[in-house]
Amino acid sequence: MSLPATHREVRLTALPEGALTPGHFEVVTVPVPTPGPGQVLVRNQLMSVAAVMRPLTLADPDAFGLPQLLHRAGEVMRGPALGEVVHAPGTDLAPGTVVRHRAGWREYAVLGAAEVSPVDPEALPDPAAHLSQGFTAWLGVVRGAGVRRGDTVFVTGAAGGVGSLAGQFARLHGAARVIGSTGSRHKADRLTRELGYDAVVLRGAGPLDEQLRAAAPDGIDALFDTVGGEQLRAALELARRNARFALVGALAAQLSDDALAPTAISTLALIARSVTLRGISAADHQDAMPDYLREFGRALREGTITYPYTRLTGIDRAPGALCELVEGRHLGAVLVEL
């Protein structure tokens with residue numbers, strides 16, 4: 001393969017104070033990197049853009065404890081991507097191998113061999129599904145909330161890349177009633193019409209606890225939470241005895257001016273109702289990946305789960321796509337073809 005001399009990458013020019021805009025990024029042209037022994041040069045083909053990638057302004061970044069979520073001004077943005085191995089001296093990876101890695105937001109990337117994972121072309125019927133946030137959704141449903149037959153499940157941020165799959169996994173695991181939250185009537189209608197939600201509560205359409213009580217008059221058995229804040233508090237008010245809460249995201253804080261903002265909840269309510277809260281990070285559950293891929297692949301082939309996503313073309317579209325996601329203008333995942 002003949003390599004170009006240069007490629008493009010997206011850099012963060014400044015941390016946002018207030019609303020994120022495309023002006024916080026720049027697309028620059030730089031030389032294509034050269035891999036050394038034990039390294040892999042990948043030509044990126046498809047990358048993911050997710051609201052969780054919004055750059056965070058933190059007083060003490062080192063205290064945050066999640067370096068994979070942090071971006072600093074002047075650095076290239078990062079995120080999941082699929083690409084094709086171009087050159088991998090001193091490794092077992094052959095040119096042409098399709099791999100998944102976390103060095104998106106650039107057209108070519110050099111990584112250590114341990115930082116890329118070959119993709120099984122037979123595992124999922126749509127290659128783009130390898131960039132879904134389905135693993136997080138599956139973990140929250142199966143290992144976090146332990147959804148079981150007959151449960152009433154509440155999924156916050158139901159129209160996002162995670163939530164749009166979490167509700168479907170909950171149904172697949174026996175949930176009798178699945179309720180979601182989102183920020184627009186249009187997305188609420190799509191959640192009930194296309195993704196199997198029974199009811200949706202709307203941010204800004206009245207007190208969330210009252211909406212949730214109307215949607216789940218007998219309470220909820222499980223929570224899949226990507227938001228935190230008032231939605232977590234509302235879920236606790238409606239929690240049935242022995243309810244299980246899986247916390248997989250904190251977008252209410254991350255999309256605000258204080259990414260570490262706490263959520264005040266009643267510990268007495270937790271104790272009185274024996275509610276379990278469990279934080280879930282995919283990094284701690286890599287042993288579950290084969291089970292997830294088998295279930296997700298089978299469900300996609302059988303049509304019991306759909307993977308909603310928007311596909312854009314050109315790396316220059318990525319900054320705007322992230323801004324649109326943060327503003328809530330997309331349903332499901334957003335992918336950028338490079």
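The protein chain carries 32 positive and 35 negative side chains, and the centres of these two sets are 5 Å apart. These values, like those that follow, are computed from a predicted model. The accessible surface of the chain amounts to about 15000 Å², and carbon and sulfur atoms contribute 50% of it.

The overall dimensions come next. The C-alpha trace spans about 65 × 45 × 35 Å along its principal axes. For 338 residues, a compact globule would be expected to have a radius of gyration near 20 Å, and the protein chain agrees with this expectation because its own value is 20 Å. Of the 338 residues, 51% count as buried. The secondary structure consists of nine helices and 15 strands. Among contacts with a separation of 6 or more, 69% join residues that are 24 or more positions apart.

Helix H1, which covers residues 134-144, is mostly covered, with eight of its eleven residues buried. Those buried residues include the aromatic Phe135 and Trp138, as well as Gly134, Ala137 and Leu139. The elements against which the buried residues of H1 pack are H2, strand S11 (220-225), strand S12 (239-247), strand S13 (276-279) and H8. After H1 comes glycine 146, which has a positive phi near 55°.

Aromatic side chains provide a second view of this region. A pair of aromatic rings is described by the distance of the centres and the angle of the planes. The chain contains seven aromatic pairs. One of them joins phenylalanine 169 and phenylalanine 296, with 5.8 Å from centre to centre and 55° between the planes, a tilted arrangement. Phenylalanine 169 belongs to helix H2 (residues 163-172) and phenylalanine 296 to helix H8 (residues 289-302), so this pair ties together parts of the chain that are 127 residues apart in sequence. Both phenylalanine 169 and phenylalanine 296 are buried.

Phenylalanine 296 also pairs with tyrosine 292: the ring centres are 5.4 Å apart and the planes meet at 20°, so this pair is stacked. Here the two partners share helix H8 and lie four residues apart, about one turn of the helix. Tyrosine 292, like phenylalanine 296, is buried. One aromatic cluster is formed by Phe135, Trp138, Phe169, Tyr292 and Phe296. Its members Phe135 and Trp138 are among the buried residues of H1, and H1 packs through its buried residues against both H2 and H8.

Several loop positions also merit attention. Most residues other than glycine have a negative phi. Tryptophan 105 is a residue other than glycine with a positive phi, near 65°. Tryptophan 105 lies in the loop between strand S5 (98-101) and strand S6 (108-112). With a relative accessible area of 0%, tryptophan 105 counts as buried, because the category covers values under 20%.

Serine 274 likewise has a positive phi, near 55°. Its place is in the loop between helix H7 (267-272) and S13. Serine 274 has 28% relative accessibility and therefore counts as partly exposed.

Glycine 206 occupies the loop between strand S10 (199-202) and helix H4 (208-215). Its relative accessible area is 36%, so glycine 206 is partly exposed. The C-alpha atom of glycine 206 is separated by 26 Å from that of leucine 165, a residue 41 positions away along the chain.

How values were computed
Residues are numbered from 1 along each chain as its sequence is written. This is a predicted model: local features need pLDDT of at least 70, side-chain atom pairs count only at pLDDT 80 or more; totals for chains, interfaces and linings use all residues. Side-chain values use heavy atoms; hydrogens and water are left out. Helices (H or I, at least four residues) and strands (E, at least two) are DSSP runs, numbered from the N terminus. The radius of gyration is taken over C-alpha atoms; the globule rule is 2.2 Å times the number of residues to the power 0.38. Buried means under 20% relative accessible area, exposed over 50%, partly exposed in between (1.4 Å probe, protein chains only). Contact means heavy atoms within 4.5 Å. Accessible areas come from the Shrake-Rupley method with a 1.4 Å probe; for residues, only the protein chains shown count as cover. Lys and Arg count as positive and Asp and Glu as negative; His and the chain ends are not counted. The place of a charge is taken as NZ of Lys, CZ of Arg, CG of Asp or CD of Glu. Rings of Phe, Tyr and Trp (its six-membered ring) pair if their centres lie within 6.5 Å; planes under 30 degrees apart count as stacked, over 60 as edge-to-face and the rest as tilted.
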